[in-house]
Amino acid sequence: MTGIHENTAAHTAREPYDAVVIGGGASGLSTALVLGRARRKVAVVDAGAPRNTPAAHMQGFLSRDGMPPAELLEVGRAEVARYGVDFIEGEADHIEQVEPGFAVYLAGGPVLRSRHVVLASGLRDDLPDIPGVRDRWGRDVLHCPYCHGYEVRDRAFAVLCTHPNSVNQALLVRQWSDDVVYIPADMPLTADDHERLTARGISIATASAIRQLVTQDDRLSGVELADGSLVPCEVAFLFPHMVPNDGVLDGLGCARNQAGFVITDDAGRTSAPGVWAVGNVCDPRALVISAAGAGAGAAFALNHDLVDAEVAKAVQSAVRPARRAVGVSSIEK
């Protein structure tokens with residue numbers, strides 16, 4: 001990544017940024033692109049660890065379907081850089097409210113002053129502690145069928161019960177294969193769930209804890225259960241525990257929903273004025289293309305908020321001299 005590195009004094013002494021975008025994925029770059037084209041002073045802080053790094057290709061992005069994720073980001077950074085946006089390699093440590101706006105403290109780096117902050121730092125997938133899962137993640141152990149389902153279509157699927165919504169995941173991925181087995185592990189199925197899975201043509205494995213994934217020639221070949229049985233499969237789907245990378249918002253008073261994700265309006269505004277959130281950090285279901293769209297939408301709204309503030313300041317500045325002039329004229333008379 002092309003980055004800039006400046007000392008703390010240089011950043012704190014200069015005019016503040018209009019917006020500091022934390023996160024250089026699709027949503028963050030899209031936000032920076034629109035704001036840069038609006039001639040705003042913008043910095044993108046990027047730690048360089050996108051969620052989809054394990055995936056070889058990115059799917060479902062019109063005109064970019066099948067592009068490697070790293071290539072999308074490389075092209076995106078080059079486009080954004082044309083508009084004078086600063087790129088800073090690093091990780092945001094915490095944010096403090098200051099006048100007028102915010103101070104963004106980078107881990108071991110400078111302090112950035114900004115009128116607005118856009119959090120586009122995504123989320124992390126906490127995977128179940130099953131031997132083999134982490135090694136195969138993003139390859140033949142998957143989560144989203146809309147991202148990967150077509151590429152693994154018609155293979156033997158196993159759906160591992162790792163989440164209360166795992167049954168629905170199995171019902172969904174059946175769309176991409178006729179050979180699907182649901183592994184309930186040690187979570188008993190309800191009668192209704194059993195009926196729905198069976199009706200959908202999904203096999204149900206023995207209710208036994210999952211011991212490990214089994215591979216052959218660097219390919220997934222099955223799931224070994226605690227009772228010693230083996231469920232043959234070529235692809236495994238599971239629900240990870242999704243955790244937003246939003247620790248920098250601590251102390252800013254941003255409201256969160258029951259799942260722990262920060263709440264935003266349709267434009268990406270949080271409950272803390274001047275703080276925005278876009279992409280997976282607030283919407284775990286967002287695909288790359290929808291995250292990019294959310295970034296653009298937030299940039300539109302953010303720029304309008306800046307314009308409103310600038311107009312109000314200009315009006316106030318114009319009124320004060322006029323009032324002083326009227327006062328002087330009255331005295332002279």
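Colleague: Why does Glu 224 count as buried or exposed?

Modeller: Glu 224 has 16% relative accessibility, and buried means under 20% relative accessible area, exposed over 50%, partly exposed in between (1.4 Å probe, protein chains only), so Glu 224 counts as buried. This is a predicted model, where local features need pLDDT of at least 70 and side-chain atom pairs count only at pLDDT 80 or more, while totals for chains, interfaces and linings use all residues. Residues are numbered from 1 along each chain as its sequence is written, and side-chain values use heavy atoms, with hydrogens and water left out.

Colleague: What makes Arg 211 and Glu 224 a salt bridge?

Modeller: A salt bridge is a side-chain nitrogen of Lys or Arg within 4 Å of a carboxyl oxygen of Asp or Glu. The closest N and O atoms of Arg 211 and Glu 224 are 2.8 Å apart, so the pair qualifies. Arg 211 lies in strand 12 and Glu 224 in strand 13, 13 residues apart. Strands are DSSP runs (E, at least two residues), numbered from the N terminus.

Colleague: How do you know what Arg 211 is, buried or exposed?

Modeller: Neither word applies: with a relative accessible area of 40%, Arg 211 is partly exposed.

Colleague: What makes Asp 250 and Arg 256 a salt bridge?

Modeller: Their N to O distance is 3.9 Å, so it falls within the limit of 4 Å. Asp 250 is exposed at 53% relative accessibility, whereas Arg 256, at 33%, is partly exposed.

Colleague: How do you know that strand 13 pairs with strand 14?

Modeller: Two strands pair if DSSP finds at least two bridges between them. Three bridges join strand 13 to strand 14, so the two antiparallel strands pair.

Note on methods
Helix = DSSP H or I, 4+ residues; strand = E, 2+ residues; numbered from the N terminus.
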